[in-house]
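Let's take a walk through this protein together, starting with the overall picture and then stopping at a few spots worth a look. Keep the viewer open so you can click on residues as they come up.

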Amino acid sequence: MMILSSKKGTGLLLQVFNYLATRRDSVHDLVTFVKGVVKTGNPHKSWPTIAQLPGDYTPPGSGDKGNVNLIAYQITTTTPFDVDMVFEAGMFSSTLSISRDKFTTVINEREMAFDARFEKTFGLVAKGFSESEISFAKAAFSNLIGGISYFYGQSKVISNSMKQPVDYWPAPLYTAVPSRSFFPRGFLWDEGFHQLLVAHWDVSIVKDVIAHWLDLMNIEGWIPREMILGKEALSKVPSEYVVQHSENANPPTFFLTLESLLHIMHKKDSMDLDFLRSIYPRLRVWYNWFNTTQAGKLSLTYRWKGRNSTTDKELNPKTLTSGLDDYPRASHPSEDEYHVDLRCWMALASDVMEKISTLVGATADSLTYRATHKSLVDQTILDKLHWDPKRKTYSDYGLHTSHVKLVKVVPPEPNRPPYKIRKVTEEPTLRFVNSFGYVNLFPFLLKIVSPNSEKLGFILERLKNESGYIVWVFCSPSLVLNPSVCIDCEFIAPNFLVPVDRLWIAFLVQDRSNLNLG
């Protein structure tokens with residue numbers, strides 16, 4: 001039985017009910033299947049065209065009109081609305097054993113409890129946010145924590161010593177997902193950001209998630225950057241992205257999470273040393289894997305492995321391993337390049353590892369991490385390696401030219417359509433990469449650059465908008481101030497790239513100032 005009503009007396013302007021009854025032998029692709037059988041129509045001449053389920057449906061070629069095992073019910077209505085759905089096995093009457101009023105009372109009590117806990121945790125009312133802003137924040141947080149899922153299965157992996165991909169061992173994973181509908185799987189670097197927020201809500205969830213991810217580490221210290229476990233997750237991944245290469249990294253954002261977790265536990269006087277001792281050995285191996293496999297040719301430099309140096313299909317070959325997939329790096333990937341964002345991640349990781357090793361009593365390790373962190377935040381070394389004096393910004397360094405374009409190629413085969421490939425009109429040279437966006441801000445965002453450095457003034461100056469105010473930029477990961485690279489590829493649309501001058505949104509920089517845990 002279902003009861004549909006308007007929310008807060010807004011009135012229902014549109015109510016349309018449709019269903020799908022059919023047979024389906026596989027369950028991992030149900031969403032795709034259902035979307036494929038919808039029809040469009042106008043249930044009423046004064047209403048807009050809507051998508052509608054077809055009712056009783058026999059898949060083409062199946063000939064099986066009976067044995068229905070899938071029923072989907074569709075409601076098309078005007079928002080906002082409430083819907084109560086009750087299913088009881090063997091119920092053939094309109095009488096409900098569950099009182100709707102009682103059910104509504106319980107729901108209201110839970111909503112009030114959630115609202116109270118949300119305000120106690122995040123304090124948005126006290127901070128002066130509007131009701132609509134708070135409603136948005138609640139919806140976003142609920143979607144995040146509601147997307148935490150349990151997966152089980154085997155990923156496909158490959159290494160330099162393998163000719164063909166092999167199955168990773170069968171493993172469980174408890175993790176949030178970037179999108180339940182489009183990315184129903186775990187992403188290593190996304191999860192560090194997810195758990196930053198969850199840590200303020202329930203520390204036990206964060207510990208469980210971190211432990212699951214660390215359990216996916218192989219003997220060398222590598223963790224796959226995407227965990228595609230099960231048929232449903234696999235059905236959403238293009239074939240070229242399924243296999244994970246054991247040389248390729250992903251930003252170690254769990255060190256941000258751990259830093260925040262240490263601060264929360266310290267503040268609440270609830271430092272969980274048993275948990276830290278249990279994860280420390282794997283954190284140590286993970287850190288060492290980064291520090292060796294992602295090291296650059298020069299001392300104290302790092303580069304994201306896995307860029308395609310032979311492709312002619314992109315203006316700027318992607319750097320999927322960095323998390324900022326199509327952010328413009330050096331135009332010609334090579335072993336000579338080094339990346340400022342990865343260096344900053346390693347500085348953060350060294351700092352957090354020093355704190356944890358001190359807490360668990362690994363004194364010798366602590367001294368090593370402290371020395372590494374000191375070197376990675378050394379302003380003289382940082383400036384020598386990554387400061388572009390001409391453009392007055394921190395930058396990647398590598399084999400680069402801005403003189404590239406996509407040119408049309410007409411193939412000789414009569415049935416093959418024209419396509420575009422990259423053409424280089426000026427040979428690349430070893431130099432700083434002349435883009436500006438997220439990557440250039442990493443020394444600032446992760447507080448590597450000293451507050452007393454004159455470089456900080458140049459960074460802040462670059463961030464001023466037309467009115468002279470500082471604007472924190474946050475949009476898609478590859479946000480960049482160079483629109484010329486926004487149409488990067490003939491074959492694959494830019495994943496995240498957005499010109500800075502088209503989108504300015506508030507960016508919250510995590511306060512990392514009071515984290516002395518000594």
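What follows goes from the whole chain to a helix, a small sheet, some salt bridges and a surface patch.

First, a word on what you're looking at: this is a predicted model. The protein has 518 residues, and 44% of them count as buried. Its secondary structure adds up to 13 helices and 20 strands. If you take the contacts with a separation of 6 or more, 69% of them are between residues 24 or more positions apart. On the outside, the protein exposes about 27,700 Å², with carbon and sulfur atoms supplying 55% of that area.

Now zoom in on helix H4, which covers residues 188-198. How much of this helix is buried? Nine of its 11 residues are, so H4 is largely enclosed by the rest of the structure. The buried set is a mixed bag of side chains: it includes Leu-188, Trp-189, Leu-196 and Val-198, but also Asp-190, Glu-191, His-194 and Gln-195. Gly-192 is on the buried list too.

Next, a small sheet. Three strands make up an open sheet, in the order S10-S9-S14, and the pairing is mixed. Strand S10 (166-167) and strand S14 (244-245) sit at the edges with a single partner strand each, so one side of each has no neighbour in the sheet. Strand S9 (residues 156-158) pairs with S14 in the parallel sense, over two bridges. To find the pairing in your viewer, click on Val-157: its bridge partner in S14 is Gln-244. As a reminder, the strands of a sheet pair through backbone hydrogen bonds, either parallel or antiparallel.

On to the charged side chains. A search of the whole structure turns up 21 salt bridges. A good one to start with is Asp-341 with Arg-329, where the closest N and O atoms are 2.8 Å apart. This pair links distant parts of the chain: Asp-341 is in helix H9 (residues 340-359), while Arg-329 lies in the loop between helix H8 (273-293) and H9, 12 residues apart. Are these two buried or exposed? Asp-341 is buried, with a relative accessible area of 0%, and Arg-329 is buried with a relative accessible area of 0% as well.

Stay on Arg-329, since its side chain also meets that of Asp-396 in a salt bridge (3.0 Å, N to O). Here again distant parts of the chain are linked: Asp-396 is in the loop between strand S16 (393-394) and strand S17 (397-400), 67 residues from Arg-329. Asp-396 is buried, just as Arg-329 is. Elsewhere, salt bridges that share partners tie Arg-185, Arg-225 and Glu-226 into one network.

For another salt bridge, look at Asp-29 and Arg-24, whose side chains meet at 2.9 Å, N to O. Asp-29 has a relative accessible area of 18% and so counts as buried, with the cut-off for that being under 20%. Arg-24 comes out at 24%, which means it is partly exposed.

Last stop, the surface. Phe-17, Tyr-19 and Tyr-73 form a nonpolar patch there, with about 310 Å² of accessible area together. Tyr-19 belongs to strand S2 (residues 15-22), and this residue is partly exposed, with a relative accessible area of 35%.

Methods. Residues numbered from 1 in each chain as written. Predicted model: local features only at pLDDT ≥ 70, side-chain atom pairs only at ≥ 80, totals over all residues. Heavy atoms only, no water. Salt bridge = Lys/Arg side-chain N within 4 Å of Asp/Glu carboxyl O. Buried < 20%, exposed > 50% of the residue type's maximum accessible area, 1.4 Å probe, protein only. Helix = DSSP H or I, 4+ residues; strand = E, 2+ residues; numbered from the N terminus. Patch = residues over 30% accessible without salt bridge, like charges linked within 9 Å, V, L, I, M, F, W, Y side chains within 5 Å. Areas by Shrake-Rupley, 256 points an atom, 1.4 Å probe, with all protein chains shown as cover. Pairing = 2+ DSSP bridges. Contact = heavy atoms within 4.5 Å.
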